[in-house]
Number of protein chains: 2
Amino acid sequence: MNRTELIEQIRSKKSFLCVGLDPDMNKIPKHLSSTEDPIFEFNKAIIDATHEHCVAYKPNTAFYEAYGISGWKSLEKTIEYLNNNFPNHFTIADAKRGDIGNTSAMYAKAFLDTLNFDSITVAPYMGSDSVKPFLTIPNKWVILLALTSNEGAFDFQFLKSNEKPLFESVLEKSKEWGNENNMMYVVGATKAESLADIRKIIPNSFLLVPGVGAQGGSLEEVCKYGLNKDCGLLINSSRAILYASSGEDFAIKAKEEAMKVHSDMLKFV
Amino acid sequence: MNRTELIEQIRSKKSFLCVGLDPDMNKIPKHLSSTEDPIFEFNKAIIDATHEHCVAYKPNTAFYEAYGISGWKSLEKTIEYLNNNFPNHFTIADAKRGDIGNTSAMYAKAFLDTLNFDSITVAPYMGSDSVKPFLTIPNKWVILLALTSNEGAFDFQFLKSNEKPLFESVLEKSKEWGNENNMMYVVGATKAESLADIRKIIPNSFLLVPGVGAQGGSLEEVCKYGLNKDCGLLINSSRAILYASSGEDFAIKAKEEAMKVHSDMLKFV
């Protein structure tokens with residue numbers, strides 16, 4: 001999916017919500033556990049219930065790999081279901097990969113080619129040749145970790161070198177590798193106050209923003225500092241939507257939760 | 001596997017070689033392509049041929065994920081084969097994972113529990129809560145990226161904050177999370193001159209050292225600066241061993257290559 005298509009979808013829906021698909025077998029409603037593939041059935045119900053309110057889906061690969069081959073099958077079925085039924089939704093493999101060049105090329109093949117996601121999250125620690133192999137496929141995207149939403153972000157991401165915190169060095173360096181048409185950034189909603197500085201470095205890029213909802217970030221704050229002329233934001237919510245109910249009404253409750261976020265977004269687009 | 005068992009194996013074999021299992025379908029000998037699972041057959045032959053000369057195996061997950069479910073099956077069969085037939089070999093899931101706490105916990109389940117590897121490589125960018133969930137299982141290990149072997153390592157890992165390059169900050173901070181009994185570090189052989197400084201910070205820890213062989217690092221240099229009283233090194237070689245020959249003699253040639261490295265190691269243990 002290219003940038004224009006993504007922006008058009010955001011404008012027509014007046015939503016920039018991304019639903020994170022983190023299916024945890026301990027939290028999936030009990031009545032699904034007797035189905036052949038509970039994870040896929042759960043995802044399918046969540047997707048069917050929420051697709052009108054969001055523009056993107058983000059399966060987190062850890063939650064599939066934890067179940068071995070059966071989990072990987074569920075992941076494959078989920079992305080196939082999305083690509084076949086909702087081709088206008090932007091898809092994100094939240095995989096946080098990154099390795100030496102020949103290995104990153106294999107990860108690119110795995111997620112952007114074999115599984116056919118639109119994008120993949122990538123960790124920056126190993127630098128240029130760990131990121132560039134993901135940038136060689138037309139209309140596919142890298143979403144680079146910049147400033148993450150977790151407590152551990154304070155361990156290294158704010159370390160200052162030449163007056164600049166590490167996450168700003170990552171943003172600046174990455175502009176040598178990609179551009180606003182093939183690279184986005186992860187910026188946690190829990191660090192909204194840093195968004196103003198971030199927007200000075202990458203004014204036009206899309207930001208994938210986790211941390212609204214279960215992790216405590218605020219949509220208002222994120223929009224105040226993060227919006228740009230093309231919206232430029234994908235706000236992710238996972239647990240708050242997926243596990244709004246643990247009963248048979250989980251999909252209805254998920255839809256209601258997605259609708260709430262969507263309605264909060266209307267005034268910003 | 002615990003530290004004592006690993007050291008005993010290194011001493012008894014006089015080897016600290018780790019064989020990287022990076023099976024690339026474009027490089028696997030043609031005569032294997034008609035088998036049901038060429039990747040597993042390739043790995044099995046490599047393992048059978050090299051096990052006397054090495055103490056560890058390191059499948060790189062990218063090379064399995066690139067082939068989707070069939071690749072994941074090959075990975076599962078490979079680690080099962082290792083655990084059933086060579087339980088004294090240390091196993092490394094070279095996965096370079098790392099995410100917020102609840103997600104890293106799922107990756108820990110995937111690789112240290114479901115697949116039952118002894119260890120997993122972890123990227124440090126997201127800090128403490130992205131690493132700690134991997135450290136909760138007895139006799140399992142985190143191998144944290146510190147100073148990698150690739151060119152991109154120069155982008156961020158040498159950025160200085162308080163006179164210290166980032167990789168040294170990673171080493172120091174990580175000592176708050178784990179210790180020499182559950183944490184090792186990736187240090188590239190191509191940066192051997194940094195090993196003396198690294199040993200000042202983590203004198204007793206094991207280092208996983210890629211980059212000898214195809215990437216150009218020197219065993220002599222790495223040993224000169226990296227050896228400690230318990231050896232403290234696992235030297236990885238992947239391509240130089242796996243693809244020593246592309247013919248039907250690939251396993252014999254792999255064994256010869258592993259033996260060469262092993263014989264170079266004898267004087268250091």
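Which residue stands opposite B:Leu234 in strand 10 of chain B? Let's find out on a short tour.

Before you click, note that this is a predicted model, in which local features need pLDDT of at least 70, side-chain atom pairs count only at pLDDT 80 or more, and totals for chains, interfaces and linings use all residues. Residues are numbered from 1 along each chain as its sequence is written, while chains are lettered from A and ligands numbered from 1 in the order in which they are written.

**Stop one: strand 10.** Select residues 233-237 of chain B. Strands here are DSSP runs of E, at least two residues long, numbered from the N terminus; helices are runs of H or I with at least four. Five of the five residues are buried, so strand 10 is largely enclosed by the rest of the structure. Buried means that 20 or more other C-beta atoms, placed from the backbone, lie within 10 Å of the residue's own. B:Leu233, B:Ile235 and B:Ser237 point one way, and B:Leu234 and B:Asn236 the other.

**Stop two: its partners.** Add strand 9 of chain B (residues 207-209), which pairs with strand 10 in the parallel sense over three bridges; two strands pair if DSSP finds at least two bridges between them. Here is your answer: B:Leu208 stands opposite B:Leu234. Next, select strand 1 of chain B (residues 17-21), parallel to strand 10 and joined to it by three bridges. Look for B:Val19 opposite B:Ser237.

**Stop three: where the chains meet.** Show both chains: 48 residues of chain A are in contact with 48 residues of chain B, contact being C-beta atoms, placed from the backbone, within 7 Å. Helix 5 of chain A gives the most to chain A's side, with seven residues.

Conventions: Buried ≥ 20, exposed ≤ 12 C-beta atoms within 10 Å, placed from the backbone. Contact = placed C-beta atoms within 7 Å.
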